[in-house]
Amino acid sequence: MKTITFNQKKTSAIALEFDELRPDDIYTWEKADFDNYGVPIGNSRFPLTDYFDIEIEGEAESPDDVKMILNGDMGRVKYIGCKMSGGEIICNGDADIHVGAEMTGGKIFVNGNVETFAGREMAGGYLEISGNTKEFCGASYMGEWRGMTGGEILVRGNAGKQCGECLSGGKITVLGNCDILAGIHMAKGLIEIHGDVNRWPGGQMKNGNIVVHGKLGRLLEGFVLDEVVTNPEIDGKSFEGKFIKYTGDIGLNGKGSLYLDAIANRDKLGEYGEHDDEYTSIREYRNL
Amino acid sequence: MHYANTYLEKPVVPDVKINKEGSVDVLKCMLNTGSDIYQGACKKRGSTLKEEYKNASGTCYMDPRDMEKLGVNNWDTVLVKTDWGEVVVSAAASRDAPHEGQVFICKGPWANTVVSAETYCCIDPTYKGIHCTVEKTDKKVLLMADLMRKNYKKWVDEDDDEVLENMPSLGELPVFKRKEQED
Amino acid sequence: MAYEAPITDYDHIVENCTCAFCGCNCDDLDYLVKDGHVVAVRHACRLGASKIMEDLDQRLLVPMVRDDDGELKEVDWDTALDKAAEYIANSIRPIFYGWSETSIECMKEGVALGEYIGAVLDNQATICHGPSLLAVQNAGYPVQTLGEVQSRADMCVFSGSNPMNSHPRHLARYSVFCRGYFRTRGRFDRTVVTMDPKFTDTAKVSDLWVGFEQNGDYGFYNAIRAVLKGKELYQDVISGIPREDIYELAEAMKNAEFGTLFFGLGLTHTLSKQRSIDIAIKMIIDLNKFTKWGLTPMRGHFNVNGFNIFMAFESGFPLGVDYCRGYPRFLSGETNTIDLLTRGECDVFMVVAADPGAHYPNGAVQHLAKIPVIQVDIHWGPSTEIADVVLPGSFIGVECGGTSYRMDGVPIYMKKAIDKPETCRDDEWIIRELKERVMKLREEPNVAPKYVPNPAAL
Amino acid sequence: MEYILKNGIVFDPTNNVKGEKKDVMFKDGKIVEQVSDDAKVLDVTDKLVMPAGIDPHAHIAGPKLVVGRMYRPEDSRRGATQKTSVIRGESGFSIPSCPATGYRYSRMGYGTVVEAAMPPLEGKHTHEEICAIPNIDVPALPLFGNNWFVFEFAKENKIDELAAFISSWLKITKGYGVKIVNPCGSEAWGWGKNVHGFDDKPPYFDVTSREVVKALAKANEKLGLPHSIHIHPNDLGHPGNVPTTLETLDSIKDVKKNAGVRDQTIHCCHLQFHAYQGNSWKDASSGAEEIAKYINSTDHVTCDVGQVTLDETTTMTADAPMEYDLYKLSGLKWVNKDIEFETAAGIIPVIYSAKSPVNTLQWAIGLELFLHIDDPWKVCLTTDHPNAGPFQRYPRIMSWLMSNTRRMEMIENGEVHKWVNSRTTLPTIDREYDFNDIAIISRAAPAKIYGFEDRGALTPGYNADIAVYDIKPNEIDPSKEYEAIEKGFSLTDYTIKDGKILVKDKEIVQVKKSRTIWTNVMGLEKEEQAVIDGIMPFFNQYYSVKWENYPVHDHYLSDPIRVDVQASK
């Protein structure tokens, strides 16, 4: 195991770009390599050592043996762990955009908040964010219809708008709240939101599952109330409790499922919501 | 030389006569910004320093019912506040009424003061659909140059908005040092 | 406005000039010229006429540089260009913004300079139709030229757009009132629908006004799509529109022979941003299963589409193109102007034929107050108030020729009608001069960026 | 400046040079027979020397390309490379940016590329992009097949007027020849419909595609243009379109050729898309053999193939209704662009997968066409870039053609779907192209078909457009070393254009401006004016631009090459 620690010396107003400092690139690097490396800032490159003290411990045979520790405010460091295939990155502080974008393996832990596009087009690996993240968490590149295809993102705080846009696999868990249009254009995979959702989750979704444990603001017309289910198994994972299951987005013959917690979203059930203990299913209620 | 004239001191707005005091001090509204023909014509002609621009762009178009609630008449001044700032603009009856609860300020430095710079990663700032409050005020609407000076303070050392508002106006014509002045 | 007698005192008429205002690019304007000035304009709308009959009080005529007192001071061209070049040559994250009111020929110089120095090139789409472009990238772009609309369309829908105010001749020349080959009775042969939360001037001339609620656009279009798929709506009112009205509208749209949707900033600036347009485009695509539908974004400036087209063929991306790493790249939220400014990442800002002072939100202009701003424009505007260097350009389509692209992508050569003021220069010349001066300052040859230590600029 | 390329193995089919070891000399941009002793020697001992390549049908510049780039940033980012001291940054894979297009063609040893669809109304745009593409010469073919004026002339069989119309529109658009795309179909698309078969009519027009094609062919021959009509027949991509294709080709067998520079009277582009048998995709099979048999038996037809390369690409064509059909299959994102009174266009992203039966069928049909058509002079190498694949894949196609081993390997190893066995004859063909055949399909034949008299061969007096590949034809066994063939054709040792060395040792060392080639018909000035006067009332009333703004002004051309043709009266 090779531990490379980046201790921040100073911050920069213009963001540093870390796309060439993946474990895949630096597992063979010695101290001198870091000393000679110019990190892209805007249209120029500046010595990395102006911004960071680098400490290296141990040896690595492959990227998987690398543990990168970033200490400091990385709020202006873009592309941390972008396109990485193995190893581990621990960021102690906020991180800028595109953390873990297009990563195929390895693990990233951010102890802080993350800007937009966290885990964009992730294909594998694990990304954990202890704080909040902004828009387009686990989304796709502009115009790309294949978003995140694998791996897992865990956001302990809130996620911004359009979380899991074009999700085509993998799993996003948000322990806090989500803003509008979570899972828009989604085709596969699972988004689990433990907090509340502002409005319109699953717009234009083709397939996949969205589970909302909190309260949903406004639902799209494209979603058809399907059933109230108890302890469902979704994407190979069992969930406890009662959920209202919708299918959508019907506007494009979508077969996606949206599960809303039946207790928090009782208002969505209308009259049935007042009697749901008396019936085993909404079908039974409707038939009466 | 005789030029065709396209100047128009003030946009044409519907007549409103409100004689009563308003029923509320602060009105909660939804703010939209955008362009209209008066603002567009004045801006692109280049008359941005003029009164005309102030009237075309620095005007809050309101539903007459909202004006009645506040007790403001056409071309009275109001203070519009949002989470992003506050600005003094004229009030005028909207040609597109009824739209109770919505106010409209044409794009321009006045509207910019109160709109949100948040793009939500979608390129555009949020110029429309912003929660705001509107209240009556005695302050005057600043001319463009004065407003820019107050808002951005690029060339003044003063920080106090009160002081900046009451500084001598930069006027309706360009102010710069000409070459011949030096000689 | 009081009655004004027509202008009769002129030397000659220049016919078929192109209007340099909105994306309609009307190319049938006649300028009445006397003593080298345009004294009146025929055929133009109020907007076009007022732009061409510019305010000479505020015309920028001389290059200016901000002096130590913070006042603009007239200087000669060399001094001003050198000062601007110095700012650019020392910049790390420059943005060259604007371009929508200048010619493609000028953009060519701009992209050469931008690629050389490693700048971000962006245009007004970043504050108007940027989300439309993102939506196009997600959903597609079923468009047609405006002549198609004129000749075939029997249903025109204006959504979040108010052409009576922002594109006044659009209705008359291309879409609603004009007589077309298959629509010989003009307005009577067409159904006009306006979708806007306000009862706008366009809504007033429409057959149908759909006043959906503010920020409700996504939900509204989603409901129409569901209806097009044959689904019944379960809510009585969707985004402020009664269910029955949505059925009726969807039916009317299905039964049109040729329909078009024109959409504007009402869709791009609201809560769901590009998704409102994304789903509107998908709705249009769905409608093509029943009949023929197309759409056109109502582009604002006369060449805003031109910049997007130009950058797409030069770099592969339509806007917000970032050359800082030596290759073009584009990512919304990273390489577009407003985000770069609100994040405080830009260190030199050049504005070419645009007015960020008038159109950027406060939060973005605040950063412009902290960094050098170079302005290339024809009028003294809000941006001049925050500019450090002012370079007076010339008026495309009046004082100098150039190419522009109409909102539907039809290229137009905007010809020159009169001479520019002696002290002004063509935009193209200004940018080329800047490029040459910057290259001289940066002695390095045109190679991939490497160490250029300049911590002072940070 | 004089140069001598020494000791290369030269393939120059036009001059019947088949792999001779000889020197190629050029001076001041032209091939010469003799140079002085001062000539600079470029040693290319034993390496493959050919005239620079000519791509007879690609979409590289114009309004639909730009929409493709605008709406596919996910494609643009795929090919991004850094700028160097010589070249600009590149971007794009299937729809590269203009600079990237020029560089990539140069690296493959190509010197001329035909832009195959230019809507006249947006001709300025096409030429503006051509100016932005470096290193290659680009003739553009304006679209005539759905033009309302053409419909009128064709309906009334006014061939003389149509000829004058074509000649004046070639001047207006600075175009090279007559392109016809889905005749009558794109007009029907104005109402969301299509035409089916060769004798269908669009709504409101009493004219069939047969009439339009025949009239245009007659007018084309009347003018004696250097290129024949260039047709994309109806029913592209539909199973069972073979009869339509054959009818189209056969319909003009009686039209008399009136140009010495070429042999054909009709050039059918991307024939692969027009060679499907069956009633639906379920029972589709290859019609390549039948079409090849027809082409072998006649001498008025040439074609290019539009070979599927099994990549993710972008399809874009003026056949807009077909694109909407494709959209309905894939559901990805759809672009449509209708141009008033002239044409329409559609774009969608497509993933050609070797795992897909249909895509495999398309792949095999392309190769079948190459291998069943006996005379390589009748067939050209294209992928209909970017429709069936990006042009960067030409070397791969060459390696497939030169190696039966590779083809059988793909079939037997299951690299492609098993439909190739049951629905095509590809596994039964063991023909292999040699270097001379490759030189024909990629240079000599396109030059002949387009009637170029300044390129496509190493004849003294011709432009010094030369490609030298890092392949030793006398040592290599293409059948076995197909990978080396693909690699060798991908990057040249030298690409020489107009006597300038643009590529050296696989890297671009110099960039030159592109030039457009256009046809100027002389002697019809009066007739042209009469035709324009006749259509002016319609134009003024219905076109959305002024006549003054319609033509492509000289402002949009950089150093154009004008081909003068004397019209016969």
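Against which elements of chain C do the buried residues of α17(C) pack? The views below, drawn from a predicted model, begin with this helix.

**View 1. Helix α17 of chain C and its packing partners.** The helix runs through residues 427-441 of chain C, a stretch of 15 residues. From its first C-alpha to its last it reaches 21 Å, close to the 21 Å expected at 1.5 Å a residue. Its buried residues include the charged-end pair C:D427 and C:E428 together with C:I430, C:I431, C:L434 and C:V438; C:E433, C:K435 and C:R437 are also buried. These buried residues pack against the helices α2 (77-89) and α3 (104-117) and against the strands β17 (348-352), β18 (373-377) and β19 (389-392), which belong to chain C.

**View 2. The largest nonpolar core.** This core holds 476 residues, of which A:I80, D:L216 and D:I466 touch the most other members. In chain C, domain 1 (56-127 + 302-394 + 421-457) and domain 2 (130-297) both give residues to the core, so it lies between them.

**View 3. Surroundings of D:I466.** Residues up to four places away in sequence are not counted here. D:I466 touches D:L5, D:V24, D:V49, D:P51 and D:A52, as well as D:L458, D:Y494 and D:I496.

**View 4. Contact between chains C and B.** Chain C gives 73 residues to the contact and chain B gives 60 residues. On the side of chain C that touches chain B, 28 residues are nonpolar, 27 polar and 18 charged.

**View 5. Contact between chains D and A.** Here six residues of chain D meet five residues of chain A. The side of chain D that touches chain A comprises three nonpolar and three charged residues, with no polar residues.

Conventions
Residues are numbered from 1 along each chain as its sequence is written. Chains are lettered from A and ligands numbered from 1 in the order in which they are written. This is a predicted model: local features need pLDDT of at least 70, side-chain atom pairs count only at pLDDT 80 or more; totals for chains, interfaces and linings use all residues. A nonpolar core is a set of buried Ala, Val, Leu, Ile, Met, Phe, Trp, Tyr and Cys residues joined through C-beta atoms within 7 Å. A residue is buried if 20 or more other C-beta atoms lie within 10 Å of its own, exposed if 12 or fewer, and partly exposed in between; C-beta atoms are placed from the backbone. Domain bounds come from an automatic or database domain assignment. Two residues are in contact if their C-beta atoms, placed from the backbone, lie within 7 Å. Ala, Val, Leu, Ile, Met, Phe, Trp, Tyr, Cys and Pro count as nonpolar, Asp, Glu, Lys and Arg as charged, and the others, Gly among them, as polar. Helices (H or I, at least four residues) and strands (E, at least two) are DSSP runs, numbered from the N terminus. The expected span of a helix is 1.5 Å times one less than its number of residues.
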